[in-house]
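Biologist: I am new to this structure and would be grateful for a close look at a single part of it. Please begin with one position and then explain the surroundings into which it fits.

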Amino acid sequence: MRDNRREKTGGQQSQVSLSPPKAAELSVLPFAQRLTCTIDDACEVTGLGRTKLYELIGAGRIVTTTIGRRRLVVVRSLLALLETNMSS
């Protein structure tokens, strides 16, 4: 978030950055190298809907972990599921 403040001298605006560096400045891992992803990310990458994804989680075919109230999908389990289905 940027905070625009007027300096007392000159009336010009100075911009103070209160946020961490932008994602573009950080190195971005390819999806297959990530450890976890969100449910929404898993749906987007696999093309599955949330209901089907939760069915696979319930059946134990996709591994998740919960940290606080946030459920994260283990990316390796998604890749293993797709590899299993591709080889069949």
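**One position and its surroundings**

Modeller: Once its neighbours within four places in sequence are set aside, S77 is in contact with R61, I62 and V63, where contact means heavy atoms within 4.5 Å. This is a predicted model, in which local features need pLDDT of at least 70 and side-chain atom pairs count only at pLDDT 80 or more, while totals for chains, interfaces and linings use all residues. Residues are numbered from 1 along each chain as its sequence is written, and side-chain values use heavy atoms, with hydrogens and water left out.

S77 belongs to helix α3; helices (H or I, at least four residues) and strands (E, at least two) are DSSP runs numbered from the N terminus. S77 counts as buried because its relative accessibility is 9%; buried means under 20% relative accessible area, exposed over 50% and partly exposed in between, for a 1.4 Å probe and protein chains only. The side chain of S77 reaches the backbone oxygen of V74 at 2.6 Å. Such a polar contact is a pair of N or O atoms within 3.5 Å; within protein, one must be able to donate a hydrogen and the other to accept it, and residues adjacent in sequence count only if both atoms are side-chain atoms.

Two leucines of the model extend this picture. L79 also lies in α3, yet L79 counts as partly exposed because its relative accessibility is 28%. Between L79 and I62 there are 9.5 Å in space, C-alpha to C-alpha, and 17 residues in sequence. L81, with residues up to four places away in sequence not counted, touches L56, R61 and I62.

Both I62 and L81 belong to the largest nonpolar core, a group of 12 residues that also includes C37, I39, A42, C43, L53, L56, I57, V73, V75 and L78. A nonpolar core is a set of buried Ala, Val, Leu, Ile, Met, Phe, Trp, Tyr and Cys residues joined through side-chain atoms within 4.5 Å. At least two residues of this core come from each of α1, α2 (50-58) and α3 (75-87).

What do these other two helices present to the core? In α1, the buried residues are I39, A42, C43 and T46. These residues lie on the same side of α1 because they cover an arc of only 100 degrees around the axis, the arc being that of the directions from the helix axis to the C-beta atoms. An α-helix has 3.6 residues a turn, so residues three or four places apart point the same way. D40 and E44 are exposed on the face of α1 turned away from its buried side. The buried residues of α1 pack against β3 (36-38), α2, β5 and α3.

T46 shows how α1 (residues 39-46) meets its surroundings. With a relative accessible area of 18%, T46 is buried. Its side chain reaches the backbone oxygen of A42 at 2.7 Å and the backbone nitrogen of L48 at 3.2 Å. Beyond neighbours within four places in sequence, T46 is in contact with L78 and L82. G47 follows α1 and has a positive phi, near 85 degrees.

A similar description applies to α2, where L53, L56 and I57 are buried. Their arc of only 105 degrees around the axis puts them on the same side of α2. T51 and G58 are the exposed residues on the face turned away from that side. Against the buried residues of α2 pack α1, β4, β5 and α3. G60, with a positive phi near 85 degrees, follows α2.

The strands β4 (residues 64-67) and β5 (residues 70-74) pair in the antiparallel sense over 4 bridges; strands pair if DSSP finds at least two bridges between them. One of the bridge partners is R71 in β5, which faces T66. The two strands form a hairpin with 2 residues between them, and G68 in the turn has a positive phi of about 65 degrees.
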